[in-house]
Amino acid sequence: MRVVIAEDDVLLREGLAGLISRFGHEVVASVGDAAALPDVVREHRPDVVVTDVRMPPGFSDEGLRAAVALRAESPLPVLVLSQYVEQTYAAELLESGDGAGVGYLLKDRVGEVAEFVDALTRVASGGTVVDPEVVRQLLRRRRGPLQRLTPRELEVLGLIAEGRSNASIARELVVTDAAVAKHIASIFAKLDLPPTSDGHRRVLAVLTYLDA
């Protein structure tokens, strides 16, 4: 897996590069500001980009804007790191590129090495990963169409938003795979999601969850 890193903190940038390399992946470029990101991505054509949300010169949302712009050009997998839970940023990122190949993690998650590398791999493979803390905070604020869901269905949807597979959800909730599939079918129906591919409907369900 070939990776580009965009992070203004030198220590974190070097730490990420070392961590990713230690798991057998190649960091083909790393930059310290969002303005340099598009050029290195076009030059190296990585499998996935890891970028901070807030970067020079304004330290607002430069990293996110660069990521969304790049995803508008091509289906580039992007894992965004943020210091805090910022709902608008998470929703905007996940809405780009039909929500495939995107992730939003808090920087604290980098310290959980295996979990971070697993999230990076899933995003590079086209998956959607949302930090559990983001999910929990959004769950506390739920409203709108999510009110149609039962507590168990909300729990299942939260786990989907974290990027879990049906089998992983079944293990977490100690239920059968068939029970999980039934809950997910009910979620799709209650959120009025059309009967397209289940993968696409999972992304749409997560977007509904984040927009709630």
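Helices (H or I, at least four residues) and strands (E, at least two) are DSSP runs, numbered from the N terminus. Keep that in mind as you colour this predicted model, where local features need pLDDT of at least 70, side-chain atom pairs count only at pLDDT 80 or more, and totals for chains, interfaces and linings use all residues. Residues are numbered from 1 along each chain as its sequence is written, and side-chain values use heavy atoms, with hydrogens and water left out.

**Stop 1: Asp52**

Select strand S3 (residues 48–52) and find Asp52 there. UniProt, in an unreviewed entry, places the feature "modified residue: 4-aspartylphosphate" at Asp52; UniProt positions are given in the numbering used here, feature names are shortened, and annotations may be inferred rather than shown by experiment. Is Asp52 buried or exposed? Its relative accessibility is 5%, so Asp52 counts as buried (buried means under 20% relative accessible area, exposed over 50%, partly exposed in between, with a 1.4 Å probe and protein chains only). Now show its contacts (heavy atoms within 4.5 Å): leaving aside neighbours within four places in sequence, Asp52 meets Ala6, Glu7, Asp8, Gly63, Leu64, Leu81, Ser82 and Lys107.

**Stop 2: Glu7**

Step next to Glu7, in the loop between strand S1 (2–6) and helix H1 (10–22). Glu7 counts as buried because its relative accessibility is 1%. Not counting residues up to four places away in sequence, its contacts include Arg13, Gly32, Asp52 and Lys107. Met55 is another contact of Glu7; the C-alpha atoms of Glu7 and Met55 are separated by 7.1 Å, although the two lie 48 residues apart along the chain.

**Stop 3: the nonpolar cores**

A nonpolar core is a set of buried Ala, Val, Leu, Ile, Met, Phe, Trp, Tyr and Cys residues joined through side-chain atoms within 4.5 Å. The largest has 46 residues, and Val4 and Leu37 touch the most other members. Helix H7 (residues 151–161) gives the most to this core, with 6 residues. A second, separate core of 18 residues includes Ile5, Val117, Ala119 and Leu120.

**Stop 4: helix H7 and its partner**

Select H7: 8 of its 11 residues are buried, so the helix is largely enclosed by the rest of the structure. Add helix H8 (residues 166–173), which packs with H7 at an angle of about 130°, their axes 10 Å apart. Arg152, Glu155, Val156, Leu159 and Ile160 in H7 meet Ile169, Glu172 and Leu173 in H8. Finish at Gly163, just after H7, where phi is positive at about 90°.

Definitions and conventions: Axes fitted to C-alpha atoms, helices over the stretch in contact; angles between N-to-C directions.
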